[in-house]
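Work through the exercises below with the model open. Each task is followed by its solution in steps.

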Amino acid sequence: MEHTSTLEKALRGVAITCVILFFMFPIFWIVLMSFQTNETILRVPPSIIFDPTIQNYVALITGRLETSAGSLEINFMSNLWNSLFLSSASVAVGLILGVPAAYAFGRLKFRGSEDIAFTLLSFRFAPPLLVLLPLTIYFQQIGLADTYFGLIWVYQLIVLPLILWIVRGYFEDIPADIENAYRVAGHSWFSTFRKVALPLAMPGIAAAGLLAFIFAWNNFIFALVLASADKQPVTVGALAFVTASGIQYGQVAAGVVLSILPTLALALYAQRYLVEGLSLGAVKG
Amino acid sequence: MSIELSNIRKSFKDNVVLEDLSLEVATGETLVLFGPSGAGKTVLLRLIAGVVDPDEGSIRLGGQDMAGVEPEDRGIGMAFQNFALFPHMDAHANIASPLEARRSSAQEIDGRVEDVSQLLKIDHVLHHKPKELSNGQKQRTALGRALVAQPSILLLDDPLRNVDAKLRFEMRLELPRLLSSQNATVIYVTQDYKEAMALCDRIAVMSDRGIAQIGTPEEIYLTPKTIAIARLFGDPSINLLDVTPEAGEEGPYVRLSGAKVPIRNGYGQAIGKDCVLGVRPESIRFVDAAAAGAVPVTIEAETPLNEKTVTLAVTARNREILISRPATTPGPDSNDAHIVLEPDGVLLFDRETGARVETEPATAAGEAA
């Protein structure tokens, strides 16, 4: 790879551009759509030349949707807030429960540890709908249906196995002698976990947290069944754009853009830790 | 603090690493654990440090049974073979970690870290992270971390293994001084016999899940228990020749190149048995053809090694013998030379078991005097 000719560089540039175009085009198109009215979106042939308007965003933020059939209340902003709260809280709970568990599974080989870890992973195998039916009944009986608490609990089905299995691998990659050295130096196991294992696994924890957040954010079916209107996340709330007078493409596009932003911001922020993790190669001494 | 291990057994799954191992190290003594890789040296250190627990047997430090005592409560300083530095902390924090655990004041920590790092000549790199340190600096940082809290027991797991030859040589000279200044009981693991002989009061040779021989460096060098141990020490290594001692008028002798080479009277019990004769290269001298017990040999090659010259010679039956002599002394004139074995340097081993044949008591007492 040391000697790349100009032609090779040019070809590589073209190839990368093609890939980026291919993957980014739908998002680019949606961003364009979010600045158009339904009429300009639906004209044939479509064009990228139009008078940009921010009325879609205004409608979402003020919560009033003006359509040809009259005005309509939408609570997109509260959906967005629900998504943010549900995802953050689920990831927080998932990290608090999952990281120590991952450490236990990674470091202490106890009887049945492998089986328990696998059982936790197997939650991801079951189709959510299959789980949901009995869960809905139980939740209604014990009063957890349509509560944030109940939703966060159910979200652990998505978040916990993911965090557990990713972080466990990072803990296993830390040479045991580094922790042994800290113990022998006179520190308790808990202080060793906190001061040595946690900082060294931090890139893994950041990656797992980010992934878990995205998975929780994008979840649809749990919230659809278990949450009522005031606790719905954006994924479910977007259904409101399908109105009696047609689908509000402009608002849908603006909603998509707004709901991408938090995850995008988080990914950009967490990227630092992910890259740092890759350059922390001196662990082996 | 003294270290006492009794009847230790340790296995990992089905692999038994240590079996019925007992060992005592007196307070202030430096003991070297020596042996080929896989002999269980590192496991033994880990058992003492409390990082792993024995299946059977007891470990007593300073007379106290260590069963159930966590590593952090044993008051041990340990340097790991692969350094095991904390990659997210700089050298200063690495060295300071045992002091932090003892809740020393910040001022005291800085002072102690400063002292130790000056002693080890790493005071100029204290603010570097481990990945910015050279191997030698890493090794010194690891050593500093082990020494800084002045533990009464020091476990050093082959600390010079991963450093370059020059530094290893320097440290081999420095370490004995450093260790004696610590007043600690030291167990030092190494695979380098020169390091072993330079550093310690006693050497414990490990093989086959236990300690094969324990003694002073001289004892192990001059009277190894088995052929295997004899091979481990000495460079160039010991000459081993198959012989069958015979009875002569003046005592037992062996035949080499047709010549009768007398061996010590104490070896009378070995007469007629299949044996292996072991003789160190420096216990062989070149002599004139007329000398008593002279063995004719043909010289194949000579290798000067600074302070000594090593000669490779073959006997009439094409058996190779290495002869070592101080570099300044003259060698043989021609390729056809004669050698004589110094009787005190001749060891006999049982060819079947590999165990050294003891000289008979009467003579042995005379030799010891």
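## Exercise 1: Salt bridges and one helix

Over all chains, a search of the whole structure finds 21 salt bridges, a salt bridge being a side-chain nitrogen of Lys or Arg within 4 Å of a carboxyl oxygen of Asp or Glu. The model is predicted: local features need pLDDT of at least 70, side-chain atom pairs count only at pLDDT 80 or more, and totals for chains, interfaces and linings use all residues. Residues are numbered from 1 along each chain as its sequence is written, chains are lettered from A and ligands numbered from 1 in the order in which they are written, and side-chain values use heavy atoms, with hydrogens and water left out.

Task: describe the salt bridge of R168(A) and E172(A), and place both residues in their helix.

Solution.
1. The side chains of R168(A) and E172(A) form a salt bridge, with 3.2 Å from N to O.
2. Both residues belong to helix α7 of chain A, residues 148-173. Helices (H or I, at least four residues) and strands (E, at least two) are DSSP runs, numbered from the N terminus.
3. R168(A) and E172(A) are 4 residues apart in this helix, so about one helical turn separates them.

## Exercise 2: The overall form of chain A

Task: state how many helices and strands chain A has, and compare its radius of gyration with the globule rule.

Solution.
1. Chain A contains 12 helices and 4 strands.
2. Its radius of gyration is 24 Å, well over the 19 Å given by the globule rule for 285 residues, so chain A is more spread out than a compact globule. The radius is taken over C-alpha atoms, and the rule is 2.2 Å times the number of residues to the power 0.38.
3. Along the principal axes, the C-alpha atoms of chain A fill a box of roughly 75 × 70 × 30 Å.

## Exercise 3: The two domains of chain A

Task: describe the interface of domain 1 and domain 2 of chain A by area, elements and residue class.

Solution.
1. Chain A is divided into domain 1 (6-73) and domain 2 (76-284); such bounds come from an automatic or database domain assignment. Their C-alpha centres are 30 Å apart.
2. In contact (heavy atoms within 4.5 Å) are 18 residues from domain 1 of chain A and 16 residues from domain 2 of chain A.
3. The two domains bury about 1,400 Å² between them, 77% of it on carbon and sulfur atoms. Buried area is the accessible area (1.4 Å probe) that two parts lose on being put together, summed over both.
4. In domain 1 of chain A, N38(A), L60(A) and L65(A) lose the most area to domain 2 of chain A, together 37% of what that side buries.
5. The rule finds 0 salt bridges across this interface, and 3 residue pairs in polar contact (both at pLDDT 80 or more). A polar contact is a pair of N or O atoms within 3.5 Å; within protein, one must be able to donate a hydrogen and the other to accept it, and residues adjacent in sequence count only if both atoms are side-chain atoms.
6. On the domain 1 side, α1 (6-34), α2 (38-42), α3 (55-62) and β1 (64-67) of chain A give two or more residues each. The largest share, 5 residues, comes from α3(A).
7. By class, this side has 12 nonpolar, 6 polar and no charged residues. Ala, Val, Leu, Ile, Met, Phe, Trp, Tyr, Cys and Pro count as nonpolar, Asp, Glu, Lys and Arg as charged, and the others, Gly among them, as polar.

## Exercise 4: Chain A against chain B

Task: find which residues and elements chain A brings to its interface with chain B.

Solution.
1. The contact takes 21 residues from chain A and 24 residues from chain B.
2. The chains bury about 1,900 Å² between them, with 63% on carbon and sulfur atoms. D177(A), R183(A) and V184(A) supply 30% of the area that chain A buries against chain B, more than any other three residues.
3. Between the chains there are 3 salt bridges. D177(A) forms a salt bridge with R46(B), with the closest N and O atoms 2.7 Å apart.
4. The count of residue pairs in polar contact between chain A and chain B is 6 (both at pLDDT 80 or more).
5. α8 (176-184) and α9 (189-217) of chain A each supply at least two residues of the side that touches chain B. α8(A) gives the most, with 7 residues.
6. This side of chain A has 11 nonpolar, 6 polar and 4 charged residues.
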